[in-house]
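Biologist: Please take a close look at the largest nonpolar core. Which residues have the most contacts inside it?

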Amino acid sequence: MAGSKLVLEGTVSLKSFILGLSVVIIPLVRSCFGHLDWVFDYLTETPGKIAICLHIAVINGLLLLICRGPLYKVAVRACFLGVIFGCGLIISCTETTWTHFGWYMCSLAFFHYSEYLVTAIINPHSLSLDSFLLNHSVEYTLAAVSSWVEFTVEKLTFPELKQLRWLSFMGLLMVLCGEALRKAAMLTAGSNFNHIVQNEKAYSHVLVTSGVYAFFRHPSYVGWFYWSIGTQVVLCNPVCTLGYTIASWRFFRERIEEEEISLINFFAEEYVEYKRRVPTGLPFISGIRIN
Ligand SMILES: C[S@@+](CC[C@H](N)C(=O)[O-])C[C@H]1O[C@@H](n2cnc3c(N)ncnc32)[C@H](O)[C@@H]1O
């Protein structure tokens, strides 16, 4: 049965994410014997790097043995995100100049993994490898790489810019609130939520206007918008904060217009009335104009 297979994919992904997260065990065991800063030293020293690489190789071998074909593809992605989350957690817990980068790694890994897991829960029929949103678009990948480049260049040239703890903390708050709003929207919309904007109305598709949809017409986009800007505030990246704000604002303005044309076709007057009552939630974006 398709449904039970998809639920299995969700379960496999969760176990693999936790397996990846187990990367925290090695430095944590070592930290029991000394100060927590050792954990970071351990990650940067050659023996630590070797131990972590070996750990990753062993868990990857385990996944190869346990999972076959498409399930392995799910498991290896979830495990990779678990490893990133685990390494981010280790770096976050240490008092070094890399602490904020650790927060960023956790934010990024959690976002991508939870997109898959929540899709498995709310709409297993639409679940695919794309639900991780790892290959969202070339622009998305370029944006991520640019932020790593900016962080590194500025860390080398203006190290003090990367130590504004209050600013990184504000960014972390934006990330957490954006993430919570997006996942609340997905859970509220349930099977009506799809990563791919639908152009044909499914028989079961109903208009959702309750919960977070009573406050914003596009709560998941609002959450994603503030989450993405928040990741750059965490890194204290001035150029990418501005770039992400402009790029994601333009992206969501176009996407909302496109989506609302379909929603008006699907729900006619019901959507027009909802649109009249509830704002999009994004600054200076009002959605498709209706004459
Ligand atoms: C990626 S989801 C985004 C949903 C919404 N724009 C948001 O930001 O929460 C896109 C899918 O959700 C559907 N959708 C958007 N708003 C909806 C609503 N209020 N009720 C039901 N389906 C909706 C669209 O038809 C589309 O297929």
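Modeller: The answer below starts with the core and then turns to the helices, the domains, the ligand and a few single residues.

The model is predicted: local features are reported at pLDDT of at least 70 and side-chain atom pairs at pLDDT 80 or more, while totals for chains, interfaces and linings use all residues. Residue numbers start from 1 along each chain as its sequence is written.

The largest nonpolar core has 60 residues, and the ones with the most contacts inside it are A78, C79, L81, I84, M105, A109 and F225. A nonpolar core here is a set of buried Ala, Val, Leu, Ile, Met, Phe, Trp, Tyr and Cys residues joined through C-beta atoms within 7 Å. Buried means that 20 or more other C-beta atoms lie within 10 Å of the residue's own, exposed that 12 or fewer do, and partly exposed anything in between, with C-beta atoms placed from the backbone. The elements that give two or more residues to this core are α1 (2-21), α4, α5 (69-92), α6 (99-122), α8, α9 and α10. Helix α5 supplies the largest share, 13 residues. Domain 1 (1-134) and domain 2 (136-291) both give residues to the core, so the core lies between them. In soluble globular proteins, nonpolar side chains tend to be buried together. The helices are DSSP runs of H or I with at least four residues, numbered from the N terminus.

I84 shows how the core is joined locally: leaving aside neighbours within four places in sequence, I84 is in contact with M105, L108 and A109. Contact means that the C-beta atoms of two residues, placed from the backbone, lie within 7 Å.

Two of the contributing helices can be set side by side. Helix α6 has 24 residues and reaches 34 Å from its first C-alpha to its last, close to the 34 Å expected at 1.5 Å a residue. The expected span is 1.5 Å times one less than the number of residues. Of the 24 residues of α6, 17 are buried, and the helix is mostly covered. Helix α4 (residues 46-66) has 21 residues and reaches 30 Å, close to the 30 Å expected. By contrast with the cover on α6, α4 is hardly covered, with two buried residues among its 21.

H100 is in α6 and is buried, because 26 other C-beta atoms lie within 10 Å. Beyond the neighbours within four places in sequence, H100 is in contact with K162, S168, V234, L235 and C236. The C-alpha atoms of H100 and G171 are separated by 9.9 Å, although the two residues are 71 residues apart along the chain.

The domain bounds, which come from an automatic or database assignment, are 1-134 for domain 1 and 136-291 for domain 2. Their C-alpha centres lie 24 Å apart. In the interface, 17 residues of domain 1 are in contact with 22 residues of domain 2. The domain 1 side divides into eight nonpolar, eight polar and one charged. In this classing, Ala, Val, Leu, Ile, Met, Phe, Trp, Tyr, Cys and Pro count as nonpolar, Asp, Glu, Lys and Arg as charged, and the others, Gly among them, as polar.

Around the ligand there are 18 residues, of which Q198, V208, H218, S220 and Y221 come nearest. Helices α8 (165-189), α9 (219-234) and α10 (238-267) are the elements that give two or more residues to this shell. A residue is near the ligand if its C-beta atom, placed from the backbone, lies within 6 Å of it. By class the shell has ten nonpolar, seven polar and one charged residues.

Helix α10, which also gives residues to the core, holds T245 and E254. T245 counts as partly exposed because it has 16 C-beta neighbours inside 10 Å, and E254 counts as exposed because it has 11. The C-alpha atoms of T245 and Y226, 19 residues apart along the chain, are separated by 8.6 Å. E254 and G287 are 33 residues apart in sequence and 8.6 Å apart, C-alpha to C-alpha.

Two backbone angles remain. Most residues other than glycine have a negative phi. L133 has a positive phi of about 60 degrees although it is not a glycine, and lies in the loop between α6 and α7 (138-157). L133 is partly exposed, with 15 other C-beta atoms within 10 Å. F284, in the segment after α11 (269-277), has a positive phi of about 60 degrees and is not a glycine either. F284 is exposed, with 7 other C-beta atoms within 10 Å.
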